[in-house]
Amino acid sequence: MFIFVFLIIILLVFYLFYKTKYFRSNRPVEKKWLSAKSNIALGLFVSLFGLNHLFFIAESAVNYIIAVLFTLYGAYFALVGFKKYKHYLPFAIEEAEELDMQN
């Protein structure tokens, strides 16, 4: 249980970190790449929150259903974020290299 809580807190911090970097970035592709990273962190946060609720807190059928929905939705959100991350990574590297060469 404590491992889930620790990971949930860490993932929330990562989400806030990447969202802050997203708002501070001026590069358009880097913003999409950072948004994908924050989607992964948020998806894993929601998924682990659902798993924690499912295994340690849920007592009724409604609680189990909601916990499963949180877990599935979070996993889907993380998967979509990972696909976006893989898609935008080469473009973000290219954008960073172009801007470094201009300076």
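Which residues is Ser-38 in contact with, once its neighbours within four places in sequence are left aside? The legends below take that up in a predicted model, starting with the whole chain.

**Figure 1. The protein in overview, a run of three helices.** Secondary structure here comes to three helices and zero strands, so reading from the N terminus you just get α-α-α. The C-alpha trace spans about 60 × 20 × 20 Å along its principal axes. For 103 residues, a compact globule would have a radius of gyration near 13 Å, while this protein comes in at 17 Å. Even so, take the contacts with a separation of 6 or more: 72% of them are between residues 24 or more positions apart.

**Figure 2. Ser-38 and the residues around it.** Ser-38 sits in helix α2. Back to the opening question: leaving aside neighbours within four places in sequence, Ser-38 is in contact with Tyr-15, Tyr-18 and Lys-19. Is Ser-38 buried or exposed? Its relative accessible area is 0%, so it counts as buried, the cut-off being under 20%.

**Figure 3. The largest nonpolar core.** Six residues make up this core: Phe-4, Ile-8, Leu-11, Phe-45, Val-46 and Leu-48. Two helices, α1 (2-24) and α2 (28-57), each supply at least two of the core residues. As a general point, nonpolar side chains in soluble globular proteins tend to be buried together.

**Figure 4. Phe-45, a core residue in helix α2.** Phe-45 is found in helix α2 and belongs to the largest nonpolar core. Skip residues up to four places away in sequence, and Phe-45 touches Ile-8, Leu-11 and Leu-12. Ile-8 and Leu-11 are also on the list of core members. Another residue to pick out in this view is Phe-77: it comes 32 residues apart from Phe-45 along the chain, and the two C-alpha atoms are separated by 10 Å.

**Figure 5. Val-46 and its contacts further along the chain.** Val-46 is another member of the largest nonpolar core. Not counting neighbours within four places in sequence, Val-46 is in contact with Phe-70, Tyr-73 and Gly-74.

**Figure 6. Surface and charge.** Buried residues make up 29% of the 103 in the protein. The protein exposes about 7,200 Å², and carbon and sulfur atoms supply 70% of that area. On the charge side, there are 10 positive and 7 negative side chains. How far apart do the centres of the two sets lie? The answer is 6 Å.

Conventions:
Residues are numbered from 1 along each chain as its sequence is written. This is a predicted model: local features need pLDDT of at least 70, side-chain atom pairs count only at pLDDT 80 or more; totals for chains, interfaces and linings use all residues. Side-chain values use heavy atoms; hydrogens and water are left out. Helices (H or I, at least four residues) and strands (E, at least two) are DSSP runs, numbered from the N terminus. The radius of gyration is taken over C-alpha atoms; the globule rule is 2.2 Å times the number of residues to the power 0.38. Buried means under 20% relative accessible area, exposed over 50%, partly exposed in between (1.4 Å probe, protein chains only). Contact means heavy atoms within 4.5 Å. Accessible areas come from the Shrake-Rupley method with a 1.4 Å probe; for residues, only the protein chains shown count as cover. Lys and Arg count as positive and Asp and Glu as negative; His and the chain ends are not counted. The place of a charge is taken as NZ of Lys, CZ of Arg, CG of Asp or CD of Glu. A nonpolar core is a set of buried Ala, Val, Leu, Ile, Met, Phe, Trp, Tyr and Cys residues joined through side-chain atoms within 4.5 Å.
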